[in-house]
Amino acid sequence: MKKLACFPKKLEDDSNPVDNINHSSTKLSCFQRPLRGLFSSLLYFLAFQVSPFWIQLSYFTTLSLLGYLALKVSKPRTTSFMPSDIDMFFTTVSSLTVSSMSTVEMEVFSNTQLVIMTTLMLVGGEVFTSMLGLQFMRSKYIRKANRENRVELASIDYNSSNSRIFSGQVELGLVTLPQAQNDQPSPNIEKEIEASHGEHLKYQSIKCLGYVVLFYLLVVHVIGSAMVALYLNLVPSAKEVLKNKGLRILTFSVFTVVSTFSNCGFIPTNENMVVFKKNSGLLLVLIPLLLVGNTLFAPSLWVVIWVMAKVTRRVEFNYMLKNSGGIAYDHLLPGLYSCLLAITVFGFIFVQFLLLCFMEWNSGDLAGLNSYQKIVGLLFQTINSRHAGESIFDLSNISSAVLVLFVLMMYLPPQTSFLPINSGDQKTLQKGERKTKKKYVEHLLLSQLSYLVIFVILICITEREKMKEDPLNFNVLNITIEIVSAFGNVGFSTGYHCRLQLKPEPHCKDLCYGFVGRWSGAGKFVLMLVMFFGRLKKFSMQGGRAWKLD
């Protein structure tokens, strides 16, 4: 009878305003009902039928197009220089994939465009996208529970009709009931109840984990932005830099914190963090954000959940700590694994810091700094080599030994753990039912290192003329650093220098953007593919297993 209410009907009294309002609300609800059904079907299709790889690829592609249109419509700071369409789209992709590869100077962008880039970095960060993944996980359980409820209701209706027939047979004496079996509940029923309770607890834990990640995200950004803004207001030298560049403190603070936490590496100044290398306090504020937003996110999340479990005594937090593999959230690791990961991260930092101090202590980039400022600056540069990309150095002046170590650090995934641990149990549940379907496809994929070699070859092809005319700038090492930096979503770049030209151009001017800014349009397009590939590299971790070199 409810469906009949959705059909249009003439009111008996059109002049009655109450009836008109009721009729309008009925029509509105009738329009909303199919929309809700369509949205529910879309969520079901995305959650159950589409691979997570295609979901994330569509997510980043769609937001890249929307971000490009937003940057294109908004006006830059000055009208004397207008970035080209490909540079605008490149900047959008670089912001969304948190890569910070640049083809134009940052001070070209207006305050509105900086806000757009801040939004792109936020929604493209790993913590935010993983939180969306938890919401998809919740939708799976809701849909599964609704389907099971419909099955149970159908079985109840069927059993109720049969029970009436059965009870009649008992009354007629055709059937007798065994008393011994009716005194105790069936073991199958007990198992079903336990399984149902376990699934409900798992769903509640996933829901609670989503709130924890959201709380983590908000607290870090709010506190970080407040501390950066407070520092800029209290320290005259840092405040004077922003004043001379025409940057607002609030915009700079939020932009820098979002970029740092998401490990993007964009800074609103042309020189990145070089202009703040003497402001050790600001660097010390940003260093924890670099770690808790990427390489130490999993250990930090484990600590937060452990503290919440001790404080609140809720069973959901204990379930997360004991069943991290069952929840299948990539950043929720067992306690031992989290400790080993943290040890590995600090071990890498220690090795890089020692080498950087040994090779660059007396470099020209650190001239004018005291020992304390040098230590903080070198530590800041070391931590940024893994996926962040903020810099107080001109990388073209760094020694080759340090550059090679940086290339290795940029290539390693965030959850690289040196110490061996058996993580097979938690990986099995993450792959689930689709493991057999993906097995054949995964064996056809190449290794990530093979793809990087292919990309380097492609760039050498697209830039072959410049490699002949300008070999000191366009050399294989600089191209490799740019490719690996884009793959690791880091943003380190050796830049381009007019002084290295064999045939000096009279109008050549050193500009503060990456080496890719001097590439051709085809080369920039290839590097955009590398940034997408690097942002989705977790889906190609198992590639290359079909190749046997023995």
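In this predicted model, Ile287 is found in helix α10, which spans residues 280–292. Because its relative accessibility is 8%, under the 20% limit, Ile287 counts as buried. Looking past the neighbours within four places in sequence, the contacts of Ile287 are with Leu379, Phe380 and Ile383. A partner from another part of the chain can also be located by C-alpha distance: Gln381 lies 94 residues from Ile287 along the chain, yet the C-alpha atoms of the two are separated by 9.6 Å.

Helix α10 appears again when empty spaces are considered. Searching the whole structure gives four cavities of 30 Å³ or more, and the largest of them has a volume of about 70 Å³. Its lining includes Leu290, Leu291, Ile349, Thr382, Ile383 and Arg386. Two or more lining residues are given by each of α10, α14 (335–360) and α15 (371–384), with α14 providing the largest share, three residues. Sorted by class, the residues around this cavity are six nonpolar, five polar and one charged. Ile383 is thus a name to look for twice, as a contact of Ile287 and as part of this lining.

The second largest cavity holds about 40 Å³ of space. Among the residues that line it are Met121, Glu126, Phe128, Leu217, His221 and Phe261. Here the elements giving two or more residues are α4 (111–124), α5 (126–171), α7 and α9 (249–261). The largest share, three residues, comes from α5. This lining is made up of seven nonpolar, three polar and one charged residues.

Attention now turns to the nonpolar core. In soluble globular proteins, nonpolar side chains tend to be buried together. The largest nonpolar core in this model has 124 residues, and those touching the most other members are Leu209, Met273, Tyr329, Ile483 and Leu527. Helix α7, residues 187–234, makes the greatest contribution to this core, with 13 residues. Ile483 offers a good example to follow on screen: leaving out residues up to four places away in sequence, Ile483 touches Leu452, Phe455, Val456, Ile459, Leu527 and Val530. One of these partners, Leu527, is itself listed with Ile483 among the residues that touch the most other core members.

A final case is Gln56, a residue of helix α2 (residues 52–73). Is Gln56 buried or exposed? Its relative accessibility is 16%, so Gln56 counts as buried. With residues up to four places away in sequence set aside, Gln56 touches Leu536, Lys538 and Phe539.

Terms used. Residues are numbered from 1 along each chain as its sequence is written. This is a predicted model: local features need pLDDT of at least 70, side-chain atom pairs count only at pLDDT 80 or more; totals for chains, interfaces and linings use all residues. Side-chain values use heavy atoms; hydrogens and water are left out. Helices (H or I, at least four residues) and strands (E, at least two) are DSSP runs, numbered from the N terminus. Buried means under 20% relative accessible area, exposed over 50%, partly exposed in between (1.4 Å probe, protein chains only). Contact means heavy atoms within 4.5 Å. A nonpolar core is a set of buried Ala, Val, Leu, Ile, Met, Phe, Trp, Tyr and Cys residues joined through side-chain atoms within 4.5 Å. On a 1 Å grid over the protein atoms alone, a cavity is a set of points where a 1.4 Å probe fits but cannot get out, and a pocket is an open set with protein on both sides within 12 Å along at least five of seven lines; lining residues have an atom within 4 Å of a point. Grid points are joined across faces, edges and corners, and a volume is the space filled by probe spheres set on the points. Ala, Val, Leu, Ile, Met, Phe, Trp, Tyr, Cys and Pro count as nonpolar, Asp, Glu, Lys and Arg as charged, and the others, Gly among them, as polar.
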